[in-house]
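Please look through the sequence and the model together before reading on. The paragraphs below move from a single residue to the wider arrangement of the chain.

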Amino acid sequence: MTISDTAQRFLFENIDVRGERVELNSSLQSAFEPHAYPIAIRRLLGEMAAAAVLLSTTLKFDGSMSLQARSNGSVSVLMVECTNQRTFRSIAHWKEEPADNADFQMLLSDGQLVITIDPVQGKRHQGIVPLKSPTLANCFTNYFQQSEQLLTNIWLASDGQCASGFLLQALPANIENDETLREEHWNYLTTLTQTMTDEELLTIDTKTMLYRLFHEEDIRLFDAEPVSYRCTCSRERTAIALQTVDPQELNDILVEQGAVNMDCQFCNTRYSFSAEDVAALLASTQNHAKTLH
Ligand SMILES: [Zn+2]
């Protein structure tokens, strides 16, 4: 069996808990394709991509959400950005090539992860996840335990080709008001989910998985939503970024290199601006400045 590229929500009919499963296969390979990542980085970035899509499904927002990890370990930056359209892109920078079997703590020692929610309208929100637990999934689970958000547990797996994530989240009291019973139900479901192996996460479809884990429970499984890789860069956005660069600096580059080349670090697309393009850009910046003042 192989997993697909989807996010799928489910709900326990008789317990105040919801869940989400994310499967990444060809979308992850497309995101990795422009880069020669070492295998240990492919696995970790795969887990982070699955986590980003999982978290994005728990939040109601119109815009983008990113996870950015920085550390003193062999990986300096890992970043995944996803949109509420279930598209994502990712990037990794490393100082030294990690061993194939490098674990989470070696890769991101002393690290921290910043969750940023950037809505199209309204204020940007940030949360900080310390990376002190043995796995990325544990770091998120601890983060949710310590923050005042809904109790949430996350499971992640990646082999560098595919990645998968599984999430359980306690809902506000609706079916059961007794706190002790609510806690018992939560512990029961999370204990059952702990029996799931990484191999199962990476190979088994959601319907089969839910039956294996919770066959005694009534579960409503919603339609799977497609997840895809997409870079949000464009020539227009690159031009806007260029307008913030000192014109003298742009002229120096033109004299030296004949054109100003900007490469997107996510997808490696090169945007090339000739001397005429740069002159037109600078003229439009000046016109804009005039109308502002
Ligand atoms: Zn791009």
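**From one strand residue to the core**

In this predicted model, Val-260 counts as buried, because 21 other C-beta atoms lie within 10 Å and the cut-off for burial is 20 or more. Val-260 belongs to strand S13, which covers residues 260-263. Leaving aside residues up to four places away in sequence, Val-260 touches Leu-242, Leu-250, Ile-253, Leu-254, Phe-273 and Val-278.

The domain assignment of the protein chain gives domain 1 as 6-229 and domain 2 as 235-292, and the C-alpha centres of domain 1 and domain 2 lie 38 Å apart. A single pair of residues offers another distance to consider: Val-260 and Phe-144 are separated by 116 residues in sequence and, C-alpha to C-alpha, by 45 Å in space.

Turning to the largest nonpolar core, one finds 62 residues, of which Met-48, Ala-49, Ala-50, Ala-51, Ala-52, Val-53 and Phe-140 touch the most other members. Helix H2, residues 39-58, supplies the largest share of this core, with twelve residues. In soluble globular proteins, nonpolar side chains tend to be buried together.

How is H2 placed relative to the rest of the structure? Of its 20 residues, 18 are buried, so H2 is largely enclosed by the rest of the structure. Its length can also be checked, because at 1.5 Å a residue the 20 residues of H2 should span 28 Å, and the end C-alpha atoms are 29 Å apart, which agrees. As for individual contacts in this core, Ala-51 touches Leu-67, Leu-136, Phe-140, Ile-154, Leu-156 and Gly-165, when residues up to four places away in sequence are not counted.

Methods:
Residues numbered from 1 in each chain as written. Predicted model: local features only at pLDDT ≥ 70, side-chain atom pairs only at ≥ 80, totals over all residues. Core = buried A, V, L, I, M, F, W, Y, C linked by C-beta atoms within 7 Å. Buried ≥ 20, exposed ≤ 12 C-beta atoms within 10 Å, placed from the backbone. Helix = DSSP H or I, 4+ residues; strand = E, 2+ residues; numbered from the N terminus. Contact = placed C-beta atoms within 7 Å. Expected span 1.5 Å × (residues − 1). Domains from an automatic or database assignment.
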